[in-house]
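User: Hey, I'm new to this one. Can you walk me through it?
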Amino acid sequence: MSRTPESLLSFSRSALDELRAHAPLVQCLTNAVVVNFTANALLALGAAPAMVDLPGEAGPFARVAGGVLLNLGTPAAEQREAMLEAAAAANDAGTPWVLDPVAIGALPVRTALAGALRELRPTVVRGNASEIIALAGGGSGGRGVDAADAVEEAIPAARSLARQTGAIVAVSGPVDAVTDGRELIRVANGDALLTRITGGGCALGAVMAAFAAVAEDRLAGTVAALTVYTVAAELAAERSAGPGTFGAAFLDTLASLDGDALSARAAIS
Amino acid sequence: MSRTPESLLSFSRSALDELRAHAPLVQCLTNAVVVNFTANALLALGAAPAMVDLPGEAGPFARVAGGVLLNLGTPAAEQREAMLEAAAAANDAGTPWVLDPVAIGALPVRTALAGALRELRPTVVRGNASEIIALAGGGSGGRGVDAADAVEEAIPAARSLARQTGAIVAVSGPVDAVTDGRELIRVANGDALLTRITGGGCALGAVMAAFAAVAEDRLAGTVAALTVYTVAAELAAERSAGPGTFGAAFLDTLASLDGDALSARAAIS
Amino acid sequence: MSRTPESLLSFSRSALDELRAHAPLVQCLTNAVVVNFTANALLALGAAPAMVDLPGEAGPFARVAGGVLLNLGTPAAEQREAMLEAAAAANDAGTPWVLDPVAIGALPVRTALAGALRELRPTVVRGNASEIIALAGGGSGGRGVDAADAVEEAIPAARSLARQTGAIVAVSGPVDAVTDGRELIRVANGDALLTRITGGGCALGAVMAAFAAVAEDRLAGTVAALTVYTVAAELAAERSAGPGTFGAAFLDTLASLDGDALSARAAIS
C-alpha cells in the first residue's frame, strides 16, 4: 500500500483524536535537560507521561506502558541499565518503543549503548541527519546535538537503517523525512524557534511514542506525530516574541490544536 | 481543639506572612522532572529552596533546614541513600519533613523506600488517593503518577496512616482532604490546569515543607499550604491560554498572592 | 593595560557579535535544577549548549568544546568523576573553563571537589560572596545557595583567589565585581527578579564560558558576559508581571538584545 498525503493527513487527525480519548501512558527514559519539557509536552497533548527510569522498575513498567521513549542525551550508568531492561521488556510485551540516539558518533558511551539498542530492534528511530547516519553505521557524528549533515544526505542511511532493523526512521531537519525502508514521506512544517529551545527534538521522540501507542500503522503514526508537533510549532511561533515565550505558547498550542488547524497547515508530501 | 474554616483561613493568612518574613530554607530531595519547577515555586512564594540530595551532605543540611521534602518520583540509588540520611537527621534535629510517595504501589524500588521512610515517621505525607491507599498498606497502586482511586475512597486510609505514623496526611484531588487522624479538613480550590503541567502535585509537597518550617500547628500549616497553592492556581488559570502560559502565570501568582485574595477565594470546610 | 568602562563596553558589543557569528559549543556539567534553563539561556543567546557530563565522554568533549562550565550544584558521584576528567582535558587542550562553586563551605562533598578543581586552575571562577570567600580559603560558607556575605566583603578574597589560581574571579550580587587580581571592574546592572528564579546565577556561569570561547581577553570577556546577561535581565524585568513571566521574557531578551541596547544600559565602572 502506498500512502497519499491526503490519507496521511486524515490518519493524523484520527490519531490525534484517539490519543486524546485514551491518554496513553508514555514511559520516558530521557535526558536530564529536557525531562521537564518532555513531560509537559505529553501532558499538553493529552498523553500521560511517566518518567520511570530505574533498574528494577523500568522493565515492569514497559510491559504496561502504551509506548516507551529511550533518549540517549545524558545516559548515566543506572539509566543505561534501565534502558536495556525497558527495551527487552517492551519487546517481550509488544510495547512499541522509540530510540533517540542523541549525539552519537563521537561520544563513546552513548554510541556503544545505541549499538546495543539497535540490535533490540526499536519500533521507531528519530534523530538528526548525523545521528541517523552514525546509527546506520557510517559517518563520524555531528557537533554535539547539532547535525553536521543535511536531511537529504541522510536518506540513504535512513532507508538502510529501516531495512536493517524493521524500524520506522525519522530524520529531523527543516524538512523532516520518515521512511519504513520503502516509502519516504516528507513533512515541511515547523519553525526555526524549535531549534532555539532545548528539547525541541527530544520531546518529539516522546510524542512519537505517544502516537505509536494509539496507531497500529507505525509509519502513518510517526508521520502523524511529526505533523501535529511541527504544525503546533508553526502556530506557536506566530504568537511568540522569542524562544522564552515560544516555549509556553508551544505547550498551549499542543493542548488546543484541532483537526481543522492541522488540515489548514499540514505540508505532507 | 476543633478548627473552624474561619480560624484555618486566618491561620493561613498569618502563615503566609510569616513565610515571606522569614524565607525558610527548604531542602528538597525530589525528582528530576520537577526539580526546576519546585525550586521556582518556592522562590516565587518567598521561601529559600536548596536541592541538597547527596549522601554525606543531605543529613547535615537537614539539621539546619527549616523543612525537608522527600519526593520519590525518580529515586536513583544515591538519592535513596541521601533520603534515608536526611530523614534520620531531620528527626534527630526536630526538622519537619514531608514525604511524597510518588507512584508507589506497583513500582518495587520506590515502594520499598516508601515503606522504610514511613517507619521514620514523616511530619506530613502528601499523595494522590492511590498513593495514600498504597502507603497505608492497601490497594494495588495507580497508573504511574495518576490516581486510580478517588479522594473520598482514600479517606479511611488517610486517617489510618495518620494514626499509624503521627503524620498529617493530605490527599490531593479535585477536592483535597487533610487529616491528622481525627479531624478532616477539605479544601475545594484549584484548577484542572494544575494536572496538565508536570510537578503540579510535587511542588505542593515542597510548599507544605515550607509552611511546616513556619507553623508549629502542623495540621493548620498543611491546610495553609494547600489553600495558598490552590487559590494561586485558580487565579492563574483565569489569566492563562493553556498549560504553557499557566506555568508562568502560576509562579507570578504565588509571588503576588496576598491575604485578601486568599480570603476572597478560599473554600475550606 | 588598564581598561576603561568605554573600552569594556565596546569589547562587550564586539564579543556579543562574535558569539552570535560563531555559535561556540559550550559544554556544561551542571546541576539538575538549572540544566534546562542553562541550555535555553545559551541557545537564546546564540551559543550551542552540550550537556555532556559522563565519565568517558566529558574529557574527549572538553577537548573540542569552545568553553566548559563546571557547576557544583548537585555533584553526584558520576558527575564528580566527569568534572575532574573534563577539567584535566580542558587544560590539556587549552579550552577555557568556568568553575561555579555552588554552596561550598559547609557542605563537605562539593567543598572537597571545589578544592581539587581549584588546584587545576580554572580560567574563570563565578560565585556569590560566601562561595568566593570559601574557595579562597576563608569563611564558613553561606546559607545554601544564598550568600551570607556582601560583595564588597568578598573583594579581598576574590583578588587573592585570582592571584593564587590565575583565574578571573567574578563575585555576583546587586553590584557584581570582576577581578584578575589587579584590576577590579564593577557592573551595576541586573534586577532582583533574577534572584527569584532558580538558575539566575548558574546560567550566568555558562554564559561566561560562552564568552570565554570567543574572547581571548578573559577579563574583558567575563565583563562582557556579565553585562550582556544583567542588561537583558533589566530589560526583561520591565516586561514581566512576576518571576514566571520574567523567566520567559529573559530568554526572549537574550535572543533579541543588540549592541545599542547594551550601550544604553550598561553600568560598568
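Analyst: Sure. When copies are superposed here, the fit is by least squares on the C-alpha atoms of residues with pLDDT of at least 70 in both. This is a predicted model, where local features need pLDDT of at least 70, side-chain atom pairs count only at pLDDT 80 or more, and totals for chains, interfaces and linings use all residues. Residues are numbered from 1 along each chain as its sequence is written, with chains lettered from A and ligands numbered from 1 in the order in which they are written.

User: What turn lays chain A on chain C?
Analyst: A turn of 120°, with a shift of 0.0 Å along the axis and an RMSD of 0.0 Å. The two copies are thus related as by a three-fold rotation axis.

User: Which C-alpha of chain A is nearest the axis?
Analyst: That of A:A32, 3.9 Å from the axis.

User: How many residues of chain A are in contact with chain C?
Analyst: 25, and they meet 27 residues of chain C; contact means C-beta atoms, placed from the backbone, within 7 Å.

User: Which helix of chain A gives the largest share of that side?
Analyst: α10(A), with five residues. Helices are DSSP runs (H or I, at least four residues), numbered from the N terminus. α2 (35–45), α5 (108–119) and α10 (243–256) of chain A each supply at least two residues there.

User: New topic: what is B:V26 in contact with, leaving aside its neighbours within four places in sequence?
Analyst: Its partners include B:L42, B:P49, B:L69 and B:A213.

Definitions and conventions
Contact = placed C-beta atoms within 7 Å.
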